[in-house]
Amino acid sequence: NNRIINAPGTYMDTLQSMYGCDSIVWLTLTLKPTYNINIVDSICQGVAYNFNGRQLTETGTYIDTLATIDGCDSIINLRFKVNQPYKDSIAASICEGETYNLHGFNATESGRYTRLLQTEGGCDSLKILNLTVFPAYHDTINASICHGQIYNQMGFVVDSAGTYTHSYQTDRGCDSILTLNLSVYDNKTKEINAEICEGETYTENNFNENTTGTYVRNLQTTNGCDSTVTLH
């Protein structure tokens, strides 16, 4: 009756009937609630979020207006996020004989490895490992020297027969083991006592002599060592 009421309660109004008599109207007013609901939620990329029949796939803020059982508006505010899957690439290297065991990998050979994990939000996380295995070298040298000489190559300084090892590192930081098998050959000395008749020539053992005396020839053995031959 032209009064604006916005609070619950009991209200009375006195009117007049068409006959001029009082007509009392009692109003019992109930205020039915409206709802304003805020929701914060997220999903993983590739999955649809059902928002009251709407399939959401993109991050954003969405509003939907419903009706309560009393017919009043109910507003739902959704702050929605789509979590992206993570793809992380790792480039790593190890030396031959080692194992790469970080980030859940257990690899010993060069290659490309993948591992599927989950983020804190439950979304897929793909780790890719590109692994390079650098060689560790194991080389063997077979060498020889003559008695009295010293072998002083490749980091070795030795003068006795035997097997020796030397450890290096490659430019990649990997072990390189060098093994030396060394032989030591003796210098040969030979004394020859010989006779010829006058007018003859002694021509053995690289000599060419026809006069009594002592003669020396310095030769080399098949191993390249000194060989001294003395002829009397």
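The protein exposes about 16,800 Å² of surface, and carbon and sulfur atoms supply 46% of that area. Keep in mind as you look around that this is a predicted model. Of its 232 residues, 25% count as buried.

**Overall shape**
- Picture a box drawn along the principal axes: the C-alpha atoms fill one of roughly 185 × 25 × 20 Å.
- The radius of gyration is 52 Å, whereas a compact globule of 232 residues would have a value near 17 Å.

**Strands and contacts**
- If you go hunting for helices, you will find zero, but there are 16 strands to trace.
- Take the contacts between residues at least 6 apart in sequence: 42% of them join residues at least 24 apart.

**Charges**
- The protein carries 13 positive and 25 negative charges, and the mean positions of these two groups are 17 Å apart.

**Two residues with a positive phi**
- Here is a handy rule for this part: most residues other than glycine have a negative phi.
- Met 154 is not a glycine, yet its phi is positive, at about 55°.
- You can find Met 154 in the loop between β11 (137-146) and β12 (162-169).
- Met 154 counts as partly exposed because its relative accessibility is 47%, and partly exposed covers the range between under 20% and over 50%.
- Asn 206 also has a positive phi, near 70°, and is a residue other than glycine.
- Look for Asn 206 in the loop between β14 (188-192) and β15 (215-220).
- The relative accessible area of Asn 206 is 55%, so this residue is exposed, a label that requires over 50%.

Notes:
Residues numbered from 1 in each chain as written. Predicted model: local features only at pLDDT ≥ 70, side-chain atom pairs only at ≥ 80, totals over all residues. Heavy atoms only, no water. Helix = DSSP H or I, 4+ residues; strand = E, 2+ residues; numbered from the N terminus. Rg over C-alpha atoms; globule rule 2.2 N^0.38 Å. Buried < 20%, exposed > 50% of the residue type's maximum accessible area, 1.4 Å probe, protein only. Contact = heavy atoms within 4.5 Å. Areas by Shrake-Rupley, 256 points an atom, 1.4 Å probe, with all protein chains shown as cover. Lys, Arg positive; Asp, Glu negative; His and termini not counted. Charge placed at Lys NZ, Arg CZ, Asp CG, Glu CD.
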